[in-house]
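This briefing covers a pocket, a helix pair and charged side-chain contacts. The structure is shown first, and the points follow by topic.

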Amino acid sequence: MTDIVFVLNGPNLNLLGTREPEIYGSDTLADIGAMLGGKARELGLEIDFRQTNHEGVLVDWLHEARSTGAKAVLLNAAAYTHTSVALLDAIKAIGVPVIEVHLSDPATREGFRHLSYVGMAAVDEVKGLGARGYAVALEKAAAL
Ligand code: DQA
């Protein structure tokens with residue numbers, strides 16, 4: 001059976017393409033999903049690519065990654081990265097490796113973006129590579 005990787009995107013990422021393109025680039029989330037689908041086929045993986053603006057939905061989807069037996073999760077929790085103990089606890093609870101992904105590099109931005117609750121439990125991270133970072137993260141997931 002083909003390994004499945006959940007790709008979970010948090011708040012405001014549905015606006016990619018028009019949202020601060022000087023920071024996040026001009027690709028839409030649909031563009032990123034299509035590109036990543038191609039990469040997944042190359043790697044012999046299946047992806048389940050989703051976006052929500054709601055913190056609890058991300059928690060539910062992390063639990064679902066576990067119940068589905070996902071190989072890994074790529075998680076761009078967007079602003080919840082910097083605020084959500086609930087996401088940290090969920091990542092610790094599920095026993096599925098999570099790779100933290102960001103289009104920008106939060107460490108080079110405002111101070112409030114330097115703290116990452118997701119990073120406290122993630123097995124790896126890819127930051128500052130724009131849309132390409134999702135493909136790099138999927139390669140890392142394939143190698144787990
Ligand atoms: C982001 C970085 C976060 O700080 C920000 O809140 C986002 C996007 C990124 O992909 O660069 O919404 O996760």
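**Pocket, helix packing and salt bridges**

Fifteen is the size of the lining set: the largest pocket is lined by 15 residues, and R19, Y24, A78, A79 and R113 are the ones that lie nearest its centre. The model is predicted. The points below add to the pocket and then turn to helices α3 and α4 and to the salt bridges.

**Largest pocket**
- The volume of the largest pocket is about 160 Å³.
- Sorted by class, its lining comprises seven nonpolar, five polar and three charged residues.

**Helices α3 and α4**
- Helix α3 spans residues 55-68 and helix α4 spans residues 85-94; their axes come within 9 Å and cross at roughly 5°.
- Because angles under 35 degrees count as roughly parallel, α3 is roughly parallel to α4.
- On the α3 side, the contact is made by E55, L58, V59, L62, H63 and R66.
- On the α4 side, these residues meet A86, L87, A90, I91, A93 and I94.
- The residues of this contact divide into nine nonpolar, one polar and two charged.

**Salt bridges**
- Side chains of opposite charge can pair when their charged atoms come close.
- Over the whole structure, a search finds eight salt bridges.
- One of these joins the side chains of E42 and K39, with an N to O distance of 3.5 Å.
- Both E42 and K39 lie in helix α2 (residues 29-43).
- E42 and K39 are three residues apart, which is about one turn of the helix.

Terms used: Residues are numbered from 1 along each chain as its sequence is written. This is a predicted model: local features need pLDDT of at least 70, side-chain atom pairs count only at pLDDT 80 or more; totals for chains, interfaces and linings use all residues. Side-chain values use heavy atoms; hydrogens and water are left out. Axes are lines fitted to C-alpha atoms, for helices over the stretch in contact, and angles run from 0 to 180 degrees between N-to-C directions. Helices (H or I, at least four residues) and strands (E, at least two) are DSSP runs, numbered from the N terminus. Angles under 35 degrees count as roughly parallel, over 145 as roughly antiparallel, 65 to 115 as roughly perpendicular and the rest as oblique. Contact means heavy atoms within 4.5 Å. Ala, Val, Leu, Ile, Met, Phe, Trp, Tyr, Cys and Pro count as nonpolar, Asp, Glu, Lys and Arg as charged, and the others, Gly among them, as polar. On a 1 Å grid over the protein atoms alone, a cavity is a set of points where a 1.4 Å probe fits but cannot get out, and a pocket is an open set with protein on both sides within 12 Å along at least five of seven lines; lining residues have an atom within 4 Å of a point. Grid points are joined across faces, edges and corners, and a volume is the space filled by probe spheres set on the points. A salt bridge is a side-chain nitrogen of Lys or Arg within 4 Å of a carboxyl oxygen of Asp or Glu.
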